[in-house]
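Dear colleague,

I am handing over the structure we spoke about, and it is shown just below. Please look through it before reading the notes that come after it.

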Amino acid sequence: MEKIKNNQLASLKISRDVIATIAKVAAYEIDGVASLSERQRNIRGFFSKGLTRPIEITLSDDFAEIDICLDLEYGARIPDVCAAVQSNIKDNVQTMTGIIVSKVNVTIAGIAFSKTGEQEQ
């Protein structure tokens, strides 16, 4: 599914994959974000194989809701990093697409330890 914007001369279609790419790049711009993480399926998909995408986009009317699942670097302050990720994703998606972002839901799936830190222990 894609977001369609119409004006008098033409229409513009923005794919969910484009919005997800913008969100991904915006998340990686924040210090403390180690990687995207595939999320576990909800209870309905519990018996299904595999995981779901790390970024899910829900479009309704003129609004987008973005769910992103991340691994953070060890030592990162989770509330600060999450607030910065939410703000950066919202600003970037709205600026680049013109689509209003109503929510950015962040799920922290894990903590990534640096290889140098593991060797020091």
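What follows is a short account of what was found in this model, which is predicted.

I would begin with strands E5 and E6, which cover residues 63-73 and 100-112 respectively and pair in the parallel sense over 11 bridges. Within this pairing, Glu 73 stands opposite Ala 112 of E6. If you follow the chain onward from E5, you will come to helix H2, made of residues 78-97, and E5, H2 and E6 together form a β-α-β unit that is right-handed.

The surface also deserves a look, since Tyr 74, Ile 78, Ile 111 and Phe 113 make a nonpolar patch there of about 440 Å². Of these residues, Ile 78 belongs to helix H2, and its relative accessible area is 37%, so it is classed as partly exposed, a class that runs between the limits of 20% and 50%.

Another residue that I would point out is Asp 17, which is found in helix H1, residues 16-28. Asp 17 has a relative accessibility of 45% and therefore likewise counts as partly exposed. Its side chain makes a polar contact with the side chain of Arg 53, at 3.3 Å. Asp 17 can also be set beside Ile 55, for although these two residues are 38 residues apart along the chain, their C-alpha atoms are separated by 9.3 Å.

With kind regards

How values were computed
Residues are numbered from 1 along each chain as its sequence is written. This is a predicted model: local features need pLDDT of at least 70, side-chain atom pairs count only at pLDDT 80 or more; totals for chains, interfaces and linings use all residues. Side-chain values use heavy atoms; hydrogens and water are left out. Two strands pair if DSSP finds at least two bridges between them. Helices (H or I, at least four residues) and strands (E, at least two) are DSSP runs, numbered from the N terminus. A crossover is right-handed if, with the strands pointing away from the viewer, the path from the first strand over the helix to the second runs clockwise. Patches are made of residues with over 30% relative accessible area and no salt bridge: like charges are joined within 9 Å, nonpolar side chains (Val, Leu, Ile, Met, Phe, Trp, Tyr) within 5 Å. Accessible areas come from the Shrake-Rupley method with a 1.4 Å probe; for residues, only the protein chains shown count as cover. A salt bridge is a side-chain nitrogen of Lys or Arg within 4 Å of a carboxyl oxygen of Asp or Glu. Buried means under 20% relative accessible area, exposed over 50%, partly exposed in between (1.4 Å probe, protein chains only). A polar contact is a pair of N or O atoms within 3.5 Å; within protein, one must be able to donate a hydrogen and the other to accept it, and residues adjacent in sequence count only if both atoms are side-chain atoms.
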